[in-house]
Amino acid sequence: MDNTRDTTASLYETIGGAPAVSTVVDLFYDKVLADETLAPHFRDTDLVALKAHQRTFITVALGGPAAYKGRPLREAHAQLSLKGEDFDRVVTHLAGSLAEAGVPESTIAEIAGHLVPLKPEVTGAPR
Ligand code: HEM
């Protein structure tokens, strides 16, 4: 039987559904804000927008870009002048949060694989 997964719902369920996602959002949020190279980027962002950011980030990570219908990522991040290193640190914090929540390494790799192609958009690199 083919047990490959390609839908948001199944990846979401694989990591443990809503309770696991909620745990991951909290862990991720703490790690990003405790990272002194990342926190300044969020200085002018209110807490509501910041929580929305973390949820969107995880939605995209679980479902791929098709899961996100808002402002283009390139546009949303253009003013921030983010470096590749900033992007990598955020992905690392997400991976660490997933690991702490008990998500297996292979699933973490799959989730990170959804984010990596977005790096040029988020960092404003040429297409
Ligand atoms: C794949 C990676 C990322 C995704 C999917 C993502 C997602 C998003 C989305 C959807 C928005 C738009 C919110 C809106 O228009 O209301 C946004 C804005 C923003 N993102 Fe990201 N982001 C990513 C990476 C990063 C990184 C690496 C940083 C900084 C270290 C960052 C910091 C911000 C900030 C500060 C805003 C503006 C928030 C505000 O003031 O409204 N993002 N992000």
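Reader: What pattern does the protein chain follow, read along the sequence?

Author: In this predicted model, the chain reads α-α-α-α-α-α-α. That fits the tally of seven helices and zero strands.

Reader: Why is the protein chain called as compact as a globular protein of that length?

Author: You set two values side by side. The radius of gyration is 14 Å, and the globule rule gives 14 Å for 127 residues, so the chain counts as compact as a globular protein of that length. Its C-alpha trace spans about 45 × 30 × 25 Å along the principal axes.

Reader: What makes a set of residues the largest nonpolar core here?

Author: A core needs buried nonpolar residues joined through C-beta atoms within 7 Å. The largest such set has 17 residues, and Val24, Phe28, Ile58, Ala61, Leu94 and Leu98 have the most contacts inside it. Helices H2 (17–34), H3, H5 and H6 (105–115) each give two or more residues to this core. As for Leu94, it touches Phe28 and Ala61, leaving aside residues up to four places away in sequence.

Reader: How do you know which residues are around the ligand?

Author: The test is a C-beta atom within 6 Å of the ligand. There are 23 residues around it, and Thr45, Arg71, Ala76, Val90 and Leu118 come nearest. H3 (47–63), H4 (73–77) and H5 (84–100) are the helices that give two or more residues to that shell, and H3 gives the most, with five.

Reader: What classes of residue make up the shell around the ligand?

Author: You'll find 15 nonpolar, six polar and two charged residues there.

Definitions and conventions. Residues numbered from 1 in each chain as written. Predicted model: local features only at pLDDT ≥ 70, side-chain atom pairs only at ≥ 80, totals over all residues. Helix = DSSP H or I, 4+ residues; strand = E, 2+ residues; numbered from the N terminus. Nonpolar A, V, L, I, M, F, W, Y, C, P; charged D, E, K, R; others polar. Buried ≥ 20, exposed ≤ 12 C-beta atoms within 10 Å, placed from the backbone. Contact = placed C-beta atoms within 7 Å. Rg over C-alpha atoms; globule rule 2.2 N^0.38 Å.
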